[in-house]
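Colleague: Before I set up any calculations, I would like to go through the charged pairs and the packing. Can we take them in turn?

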Amino acid sequence: MTKLNLLSRVRRVLPGVIVLALLASVGYWGHHSGWKIPKFSSLVGQTSTLEPQWCDEHGVPESMCVACNAELMPKGQLYGWCREHGIAECPLHHPELVQLNESRQPSDEDFERARQAFTLKPRPENNPACKLHLRRIQFVSSEAADRAGIDIRLADRAPIEETVSVVGQITYDPTLVARLSSRAAGTAWRVDKNVGDTVTAGEVLALVDAVEVGRTKAELLQAVAQLDLRDKTLQRLAGLEGVVPGQRLLEAETARAEADIAVRKAVQTLVNLGLPIAREDINGESAEQLSRHLQFLGLPAPATAELDPQRTTANLIPVTSPRSGVVVSRDVVAGEVIDVAKTLFTVVDNSRVWLMLDVPVEDAAYVAVGQVIRFRPDGDVHEYTGTVTWISTSIDRHTRTVKVRAELENNDGHLRDESFCAGRIVLRQEQDAIVVPSQAVHWEGCCHVVFVRDKAFLDEDSYKIFHTRMVRPGVVNGDKTEVIAGLLPGEVVATKGSEVLRAELLKGNLGAG
């Protein structure tokens, strides 16, 4: 290697060697003299190079550190633990603790709202032994708080809903479902209605040719004829009383009673078959008149208008709808042989349906009759509401859920049978709850806290303080958290960036930045 190349390499290395030597010298001197490199937080927060002393623990000049010198900003009277609301230094009972420039008194509604929230279900609790609420986080200046990324919002009033998430299914109201069969076995003589047809109460859906019907009508005609004969015989013998033996008169009376029983038996059989006729309807009719009366018995006039009495059997029995509704199923065709066990039609009044919900057993204790249900059927973009009308007394052994029912109006038919739904049961609604952004509420292992900005924070000569306030959080709705107790509307809380305050609270070394 030439001398020229060696000299060039030495020139390149020499500056780095000199710098390392200087750093090593500074480190050696600092080690023996006790000098330390200033903290980054102190460098960011310090606003005056003339400040003589810096509080390393709290990151502010010692002359203005309210944590080290409590007399600079006395805390005032401490009231201790509030058993009613489960927090220390309760603003509801002691509104003088609130960080507002104007006096504000909690309303009776605020106390009632808190009572209802605590009564409904258990809430996250705080440890009475926790002392974090006594801490105050201080900045050198408002600019220092801005550099730390602290964002603020007002504690405000807003509507909230506390709900239980549920899934369920829409079904027809079983009390409005009619499954229709023929009351007598036979042959489907005529079928008038199809699926989707709207029917009214008493309307005929089909006619069945049933031998039993014709036989019963014939028995009634025969019984009426026998009764008429027995009546005439008894009347004739009654006029000969004292001439004919008493035994014969007694036999005539017995025969007349038996004939009357036969008539009543046939009438009752027809009534059981759904063919209404009264004993009084038979009196005074001739055999011919009664035969015509019985031929189309039970058939409405519209159904018989086009029937020829000379060519139509007397065996017909109608299948009629007991209520107005829609035919949702039909399982019969003309000429089909049917029996009484077969369902021929299903008619539903779908103006009211049921919503059957499965509620997790751990949430069932909070559900009550009368609560509002909000739900959305699969494939539907609209949200509907209903009301809890029934809560099961048993738990499903397989799903470990409790059945809850809501009865829903469905006059326009938009809710369909067998639709699956997802929704929520509203346990509690508040129109003027106190809420804060969810970022503002922190769990510190022993208590829930928010950081409340001092009411004089923006004053020119004030101490830049955030107070640690213990709170009882309630329901979370989206990005908002209800504060049941611990804040009043109008107080300023740290939101985005409040993790910086939390870190200072836990390790006591936030610094001025």
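The exchange below covers salt bridges, one helix and the nonpolar cores of this predicted model.

Colleague: How many salt bridges does the structure hold?

Modeller: Side chains of opposite charge can pair when their charged atoms come close. Counted over the structure, the salt bridges number 27.

Colleague: Which residue forms a salt bridge with D110, and how far apart are the closest N and O atoms?

Modeller: The partner sits three residues along in helix α3, which spans residues 108–120, so about one helical turn separates the two. Both residues of the pair are buried. The partner is R113, with the closest N and O atoms at 2.7 Å.

Colleague: Is E112 buried or partly exposed?

Modeller: E112 lies in helix α3, three residues from R115, and the two form a salt bridge with a closest N to O distance of 2.5 Å. R115 has 44% relative accessibility and therefore counts as partly exposed. The value for E112 is 32%, so this residue is also classed by its own accessibility: partly exposed.

Colleague: Is R428 buried or exposed?

Modeller: The side chain of R428 meets that of E430 in a salt bridge, 3.7 Å from N to O. E430 has 10% relative accessibility and so counts as buried. For R428 the figure is 6%, under the 20% limit, so R428 is buried.

Colleague: Which residues are linked with D110 in a network of salt bridges?

Modeller: D110 pairs with R113, and R428 pairs with E430. Both pairs belong to one network. Linked with D110 there are R113, R123, R157, E162, R428, E430 and E482.

Colleague: What span does helix α5 reach from its first C-alpha to its last?

Modeller: Helix α5 runs over residues 211–238 and has 28 residues. At 1.5 Å a residue, 40 Å is expected, and the model comes close to that. The span is 40 Å.

Colleague: Which strand gives the largest share of the largest nonpolar core?

Modeller: In soluble globular proteins, nonpolar side chains tend to be buried together. The largest such core here has 37 residues, and F139, V436, F451, F466, L487 and L501 have the most contacts inside it. Four of its residues, the largest share, come from residues 448–453, which is strand β22.

Colleague: How many residues are in the other core, the one with L205 and F345?

Modeller: That core lies apart from the largest one and also includes V267 and L227. L227 is among the buried residues of α5. The core's residue count is 35.

Notes
Residues numbered from 1 in each chain as written. Predicted model: local features only at pLDDT ≥ 70, side-chain atom pairs only at ≥ 80, totals over all residues. Heavy atoms only, no water. Salt bridge = Lys/Arg side-chain N within 4 Å of Asp/Glu carboxyl O. Buried < 20%, exposed > 50% of the residue type's maximum accessible area, 1.4 Å probe, protein only. Expected span 1.5 Å × (residues − 1). Core = buried A, V, L, I, M, F, W, Y, C linked by side-chain atoms within 4.5 Å.
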